[in-house]
Structure formats: C-alpha cells, structure tokens
Amino acid sequence: LTINAPVHRQNIEEVPEFIDLALSLGAERLEIANVQYAGWALANRSLLMPDPAAVDRQADIVAAAQEQLAGIMTIDFVTPDYFAIYPKPCMGGWARDAFIVAPDGTVLPCHAAQTIPSLRFERFGDRSLAEIWTDSPAFNAFRGTEWMREPCRSCERREVDWGGCRCQALAIAGNAAATDPACIKSTAHARMAALVGEARRSNTAGDDAFMYRRIGS
C-alpha cells in the first residue's frame, strides 16, 4: 500500500499525523509531497504555499521518521520547487520513462502537460501507445537535451534534472522551453523568490479567499 499525502500551508503541521495514519493502515510507502502549482493550485498559490520555516520543520520530522521506520515504511518528502536552487527532473524527464493516459484516452508525458497550449496531445485508440510514445511531436518536443537553450544546453546537470518542469517554466517564465525558474541559473529565479515573499505576506487570508472550481463556471 502506498499513500500519497499532498501538503500545503493549510495542513503542513499535520505531517506527524499523516505518518501515524499511514502506519496504522499498514502502508509500505508514504509520499509526503508539497502540492505542485498548476491548474487550481496555481490559482490559489499564495494561499497554499507554506512558510519556508514550516517546510524545514517538517523536513526534520520526516528525516527522523525515515530513520526510525527504516525497513518498516519508506517515506518520501517532496519539497516545493519554489525553495530550491536546482529543479527536480519532472516525471524523470519529459517523455523519458513514463506517461499518463487520461480518462478520455489522451496520452500525456506529465499530469499538467495540457497547460502548454502549443502542444497537441493524441489519444490512445486513434494511434497505438507505441506510436504516440515514439512519434508524437508533443512527446518529442522536450525529450532529451537537443531542445534545450542556454544555460541548460551546456549545464553539467542537463542529464540530471532534464531541464526541470516545462509547465512551471511556462507558468512563471512565460515560455515552456525556458530554463525552469526553480534553477538558480534561470533569469526568472528571482521571480520565484518574489512569489514566495508574496505568499508569506498573504498568510493571514481566510478560507473565503480561496478560488474554488465550480461546475458550470
């Protein structure tokens, strides 16, 4: 049993309870993952982003639990990209070793890939999974390293993080082919730091400040 526990400002102090719950359910793996800011999470980013000090506290709690529960339950802790100096390899690298099939059959290289309007994603049934994986222009758009611009193209980490998150690059830098703003080498990295500051200033907002998705709206 694997349990995924999305973490954000409203529940990050409950991480110890998440660990206890996973243990009580006999889970073999617990992923404590800070929410990724795409879709409605992006619209509510300033209300969901935790304080850096809270992330540090919970990282210490997770580290202690990982040591205590070694051999009993594996615990992964995914910190927010906004506090990083280098990006994570999104999905192990765009179209590198995984894909997602949406309920309507659309085949995607990552969960949020449809936020990139310049890409057209194909459906299983119209073409085989093998054909989509190998030949789809959307899958090949950011696969490997040939698509990279500087500073990614000559960076020693280009085959470590594979350019980071394309959706995040679009959301913050305005270009899906840009360096992931989580990277300290990105010209948009300062913008990411500014968004953290903006979130900290809005941490007194109540639940009524959230933007909720409503059917028909």
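Q: What makes up the contacts in this predicted model, counting those with a separation of 6 or more?
A: Residues 24 or more positions apart account for 60% of those contacts in the chain. Two residues are in contact when their heavy atoms lie within 4.5 Å.

Q: Which pattern do the helices and strands follow along the sequence?
A: The order is β-α-β-α-α-α-β-β-β-α-α-α-α, with eight helices and five strands in the chain.

Q: Why is the chain called as compact as a globular protein of that length?
A: Its radius of gyration is 19 Å, and the globule rule gives 17 Å for 217 residues; the two are close, so the description fits. As for the box that the C-alpha atoms fill, it is roughly 45 × 45 × 40 Å along the principal axes.

Q: What share of the 217 residues is buried?
A: Buried residues make up 42% of the chain. To earn that name, a residue must have under 20% relative accessible area.

Q: Which residues of helix α1 are buried?
A: Within residues 15–24, they are V15, F18, I19 and A22.

Q: Why are these said to be on the same side of α1?
A: They cover an arc of only 100° around the axis, which puts them on the same side. Here is the general idea: an α-helix has 3.6 residues a turn, so residues three or four places apart point the same way.

Q: What do the two faces of α1 meet or carry?
A: The buried residues pack against β1 (2–7), β2 (29–34), α4 (52–68) and β3 (74–78). The face turned away from them carries D20 and S24, both exposed.

Technical notes. Residues numbered from 1 in each chain as written. Predicted model: local features only at pLDDT ≥ 70, side-chain atom pairs only at ≥ 80, totals over all residues. Heavy atoms only, no water. Helix = DSSP H or I, 4+ residues; strand = E, 2+ residues; numbered from the N terminus. Rg over C-alpha atoms; globule rule 2.2 N^0.38 Å. Buried < 20%, exposed > 50% of the residue type's maximum accessible area, 1.4 Å probe, protein only. Arc of directions from axis to C-beta.
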